[in-house]
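Hi,

Here is the structure I said I would pass on. Have a look at it first, and my notes follow underneath.

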Amino acid sequence: MLFTPSETKVVIVGGGTMGADVAAVCARGGCAVQVLEPTTERRALLPDYFANTMIDLGYEHRLHLLSTAGSLEEVDWSEVDLVIECVPERLDIKQELFAKLEKYAKPEAVLASNSTSFPISDISAGLKTAARMIGLHFFMPAHLVPCVEVVYGTKTSPMVGESLSRLMTACGMVPVTVKKDLPGFLANRLQHALSREAFAMVDAGIASLEDIDRAVRFGFGFRYIAAGPAMQRDHAGLDVHGAGGATIYPTLNNSPDIAKCLSDRIASGKLGMKTGEGFYAWTAETMKAERERYQEALREGLKIIQKDLPEIK
């Protein structure tokens, strides 16, 4: 199995923000992409979204590779090489979809899930062709964040994972292999480990949310654009890290429960921008300004690491 972008037909199931951005990633690499979005209103918005996104990425010459469909029945499955599922994060919905895809897609087509939490082994449970099923986890916004996790299930064929990693590299992404299918995969486990400690310190009155955000953005987090944790330790010295760890590790939070500052807000319906308040209060104006600032910061960050990213031909 060898994916060559110019010869690869991709179907994205789900045309929400994540699915649309994943489609742009594949199209900029040269894949022909069809986005399946059953909602008429959302599907009508996709052409303009694709046009703006591809222009923003500098690949408007590949806009013609993007198309839409309204149902599984509208797809010519004889031509499809890769399916990427981007439907709502519910296990039953994903399992039902994969059961249908197993019947629709040709036997050699790869079936991938962009699930953020459900192991591909659970999604593909009981299916006959689980060897071709794999996790392919992008990070929002997928067209700006270069990393993508290639997550092996218990039955995933290594050839499937290797081929998918090569395709993602050709599309300008940086694939990381997750060899064991576990909750949160790789990056989200690292993020949650940080968040658990951060919110525990808020509960304990050690620091404010604002100071924690500043410490990450302008402190050690700033250095991560240059090097990950292992490389950072080589710069600083493993002995220094070892000495610090021996002192710090025994006092790190290890609770199996989420922090009170988080659970209280969830219980109160304060879920972030979508409800107008989370850890911070939001208005339409401040949300717009923050989203623009966030996207611009990501674009500027991409410029810094551009020379370290795979070349798109």
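Before the notes on the interior, a word on terms: a cavity here is a set of grid points where a 1.4 Å probe fits but cannot get out, and its volume is the space filled by probe spheres set on those points. Please also keep in mind that this is a predicted model.

On that basis, there is one cavity of 30 Å³ or more, and the space in the largest cavity comes to about 30 Å³. Its lining is made up of Ser-113, Ser-115, Phe-118, Ile-120, Ile-123, Gly-135, Leu-136, His-137, Val-151 and Phe-185. Two elements, helix H4 (120-123) and strand E6 (133-138), each give two or more residues to that lining. E6 has the largest share, with three residues. As for chemistry, six of the lining residues are nonpolar and four are polar, with no charged ones.

Now the overall layout. The chain splits into domain 1 (5-178) and domain 2 (186-256), and their C-alpha centres are 33 Å apart. An unreviewed UniProt entry annotates residues 9-180 as "domain: 3-hydroxyacyl-CoA dehydrogenase NAD binding". Over residues 9-180, helix accounts for 35% of the chain and strand for 22%, while the C-alpha atoms at the two ends are 28 Å apart.

I also looked at two residues one by one. Gln-34 sits in strand E2 (residues 32-36). Is Gln-34 buried or exposed? Its relative accessible area is 12%, under the 20% cut-off, so Gln-34 counts as buried. Setting aside neighbours within four places in sequence, Gln-34 has contacts with Lys-9, Val-10, Val-11 and Ile-12, and also with Ser-67, Thr-68, Ala-69 and Val-75.

The other one is Phe-279, which you will find in the loop between helix H10 (260-267) and helix H11 (284-305). Why does Phe-279 count as partly exposed? Because its relative accessibility is 27%, and partly exposed covers the range between 20% and 50%. Apart from residues up to four places away in sequence, Phe-279 touches Phe-199, Leu-209, Cys-261, Leu-262 and Arg-265. For one of these, Cys-261, I have a separation too: Cys-261 and Phe-279 are 18 residues apart along the chain, and their C-alpha atoms are 8.6 Å apart.

That is what I have so far.

Cheers

Definitions and conventions
Residues are numbered from 1 along each chain as its sequence is written. This is a predicted model: local features need pLDDT of at least 70, side-chain atom pairs count only at pLDDT 80 or more; totals for chains, interfaces and linings use all residues. Side-chain values use heavy atoms; hydrogens and water are left out. UniProt positions are given in the numbering used here, feature names are shortened, and annotations may be inferred rather than shown by experiment. Helices (H or I, at least four residues) and strands (E, at least two) are DSSP runs, numbered from the N terminus. Buried means under 20% relative accessible area, exposed over 50%, partly exposed in between (1.4 Å probe, protein chains only). Contact means heavy atoms within 4.5 Å. On a 1 Å grid over the protein atoms alone, a cavity is a set of points where a 1.4 Å probe fits but cannot get out, and a pocket is an open set with protein on both sides within 12 Å along at least five of seven lines; lining residues have an atom within 4 Å of a point. Ala, Val, Leu, Ile, Met, Phe, Trp, Tyr, Cys and Pro count as nonpolar, Asp, Glu, Lys and Arg as charged, and the others, Gly among them, as polar. Domain bounds come from an automatic or database domain assignment.
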